[in-house]
Amino acid sequence: MTITRESVPLWKPDVLGHGYECIDLPLKADEEGPVKATLVKHAPPMAHPSQQGVLDFLASFTKRKRRPALPDPGGAPRVVLYLHGWADYFLQTELAEYLTASAFHFYALDLRKFGRSLLPGQTPGYTSDLGVYDEDLAAAIREIEKDVALRTKDSTPPTIHVLAHSLGGLIAALWADRNPGRVGTLVLNSPWLELQGSSLVRSIAMHLVEPFARTDPKRPFRFPEMPAYWESVSNEAHGEWMLDPVWRPRASFPIRAGWTKAVLAGHAAVERKLNIDAPVLILLSGRTRIQAEWTADLMRADAVIDVEETSRRALGLGRRTAVFRYPGALHDVFLSRRTVRQQAYRDVAVWLAAYPY
């Protein structure tokens with residue numbers, strides 16, 4: 001089939017501004033009505049800068065101006081597809097621009113009922129089955145393949161590298177396990193692979209949640225608010241980043257019974273070990289500190305997941321798994337202070353360059 005610009009939907013300007021576009025991906029309706037996902041791409045005016053321009057851009061990220069290895073420009077086009085976490089959406093423009101300058105096509109997916117995809121009347125972030133996101137990912141990959149073919153004039157299917165954060169990391173790991181051969185590599189940024197505490201705590205939680213998930217799945221649980229991580233990230237508090245108050249609220253989204261059961265089931269699957277055939281890279285902070293009230297110490301620790309337990313769980317994802325630790329990183333390593341996130345950018349670019357096909 002010949003792909004022309006007339007045969008594909010039009011992209012539109014994204015809220016991130018110059019160089020970013022987005023497209024709606026219609027999905028099957030559910031009990032709440034119409035459903036969509038939203039694919040975002042970084043499409044700078046110079047889609048194919050010279051290699052020297054790429055190197056100059058990369059060098060600007062480090063005081064020592066060392067040049068990380070770049071992917072070989074030959075072979076299939078190379079794509080990074082980013083997945084966000086819980087009560088979150090794509091906003092990591094610095095990451096996108098770094099990887100685009102490293103000769104990757106960069107896309108990000110706002111999953112159904114999150115961020116750009118959240119429609120009026122929907123329950124934010126809600127699902128009772130993490131497998132539902134298979135449809136979102138399949139739609140995104142189809143659109144990426146069409147778009148890359150148009151941009152490169154190359155019909156060779158691109159190599160897809162999935163980069164996923166927190167809950168998105170759990171979703172991506174389970175999806176990659178169910179879909180062997182679909183990704184070149186899987187990079188998981190502080191993935192939520194286990195309930196905070198231990199598998200024993202998870203087992204107790206599942207027994208407590210099960211009756212509500214069966215009879216009243218959208219029932220919200222009342223937990224104390226934990227805004228400390230938001231305060232470490234938001235430029236309205238102690239962080240650097242502008243956050244949409246609807247898409248990423250200070251108090252997160254309500255935690256509901258059906259969703260909780262789905263997440264705990266995902267954690268149980270990870271405990272049983274997965275068999276992801278692609279190389280897997282895990283990025284984690286050096287330590288965990290979870291507390292309700294903000295203190296300066298939270299600017300240098302993961303305030304969401306247990307990084308030690310996550311590190312142990314990571315080794316059961318597949319036979320080719322590496323764990324990189326970043327002392328002083330936040331839960332989202334790419335939203336950490338500049339020196340930390342720059343190191344993570346370089347590490348990811350070199351990792352992806354090592355697995356081009």
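**Entry 1: Val183**

I started with the neighbours of Val183: setting aside residues within four places in sequence, I found contacts with Ile160, Val162, Trp175 and Ala278. This is a predicted model, so I read everything below as computed from that prediction. Val183 sits in the loop between α4 and β7. Is Val183 buried or exposed? I noted a relative accessibility of 12%, and because buried means under 20%, Val183 counts as buried. I also looked at a partner far along the chain: Asp277 is 94 residues away in sequence, yet its C-alpha atom is separated from that of Val183 by 8.8 Å.

**Entry 2: the chain overall**

I stepped back to get my bearings. The chain has nine helices and nine strands. Of its 357 residues, 56% count as buried. I then checked the contacts with a separation of 6 or more, and 73% of them join residues 24 or more positions apart.

**Entry 3: the sheet**

In what order do the nine strands of the open sheet come? I wrote down β1-β2-β3-β5-β4-β6-β7-β8-β9, with mixed pairing. The edge strands are β1 (12-13) and β9 (321-326), each of which pairs on one side only.

I looked up one antiparallel pair: β3 (residues 33-42) and β5 (residues 105-110) are joined by four bridges. Within that pair, Val40 stands opposite Ala108 of β5.

**Entry 4: β6 and its two partners**

Next I followed β6, which covers residues 159-165. Two of the contacts of Val183 from my opening note, Ile160 and Val162, belong to this strand. How many of the seven residues of β6 are buried? I counted seven of seven. In a regular strand the side chains alternate between the two faces of the sheet. For β6 I listed Thr159, His161, Leu163 and His165 on one side, with Ile160, Val162 and Ala164 on the other, and both sets are buried.

On one pairing, β4 (residues 78-83) runs parallel to β6 over six bridges. On another, β6 and β7 (residues 185-189) are also parallel, over five bridges. Ala164 is a handy marker here: Leu83 stands opposite it, and its bridge partner in β7 is Leu188.

I then traced the path from β6 to β7. The two strands and helix α4 (residues 167-178) make a right-handed β-α-β unit.

**Entry 5: positive phi values**

I went looking for unusual backbone angles. Most residues other than glycine have a negative phi, and most peptide bonds are trans. Ser166 goes the other way, with phi near 55°. Ser166 lies in the loop between β6 and α4, and it is buried at a relative accessible area of 7%.

Ser190 has a positive phi too, about 50°, although it is not a glycine. I placed Ser190 in the loop between β7 and α5. Its relative accessible area is 0%, so Ser190 is buried.

A further positive phi turned up at Ala103, near 80°, following α2. While there I checked α2 itself (residues 93-101), and seven of its nine residues are buried. The buried ones are Glu94, Leu95, Ala96, Tyr98, Leu99, Thr100 and Ala101.

**Entry 6: the end of the chain**

Where is Pro356 found? I located it in the segment after α9 (338-354). Leaving aside neighbours within four places in sequence, Pro356 is in contact with Arg78, Thr159 and His161. That brought me back to β6, since Thr159 and His161 are on one side of that strand. The C-alpha atoms of Pro356 and Ile160 are separated by 9.7 Å, with their positions 196 residues apart along the chain.

**Entry 7: the largest pocket**

I kept the pocket for last. The largest one has a volume of about 1,400 Å³. Of the 42 residues that line it, I noted Trp86, Gln196, Met226, Ser252 and Ile255 as the closest to the centre. Which helices each supply at least two residues of the lining? I found α5 (199-215), α6 (228-233) and α7 (257-271). Sorted by class, the lining has 29 nonpolar, eight polar and five charged residues.

Methods. Residues are numbered from 1 along each chain as its sequence is written. This is a predicted model: local features need pLDDT of at least 70, side-chain atom pairs count only at pLDDT 80 or more; totals for chains, interfaces and linings use all residues. Side-chain values use heavy atoms; hydrogens and water are left out. On a 1 Å grid over the protein atoms alone, a cavity is a set of points where a 1.4 Å probe fits but cannot get out, and a pocket is an open set with protein on both sides within 12 Å along at least five of seven lines; lining residues have an atom within 4 Å of a point. Grid points are joined across faces, edges and corners, and a volume is the space filled by probe spheres set on the points. Ala, Val, Leu, Ile, Met, Phe, Trp, Tyr, Cys and Pro count as nonpolar, Asp, Glu, Lys and Arg as charged, and the others, Gly among them, as polar. Buried means under 20% relative accessible area, exposed over 50%, partly exposed in between (1.4 Å probe, protein chains only). Two strands pair if DSSP finds at least two bridges between them. A crossover is right-handed if, with the strands pointing away from the viewer, the path from the first strand over the helix to the second runs clockwise. Contact means heavy atoms within 4.5 Å.
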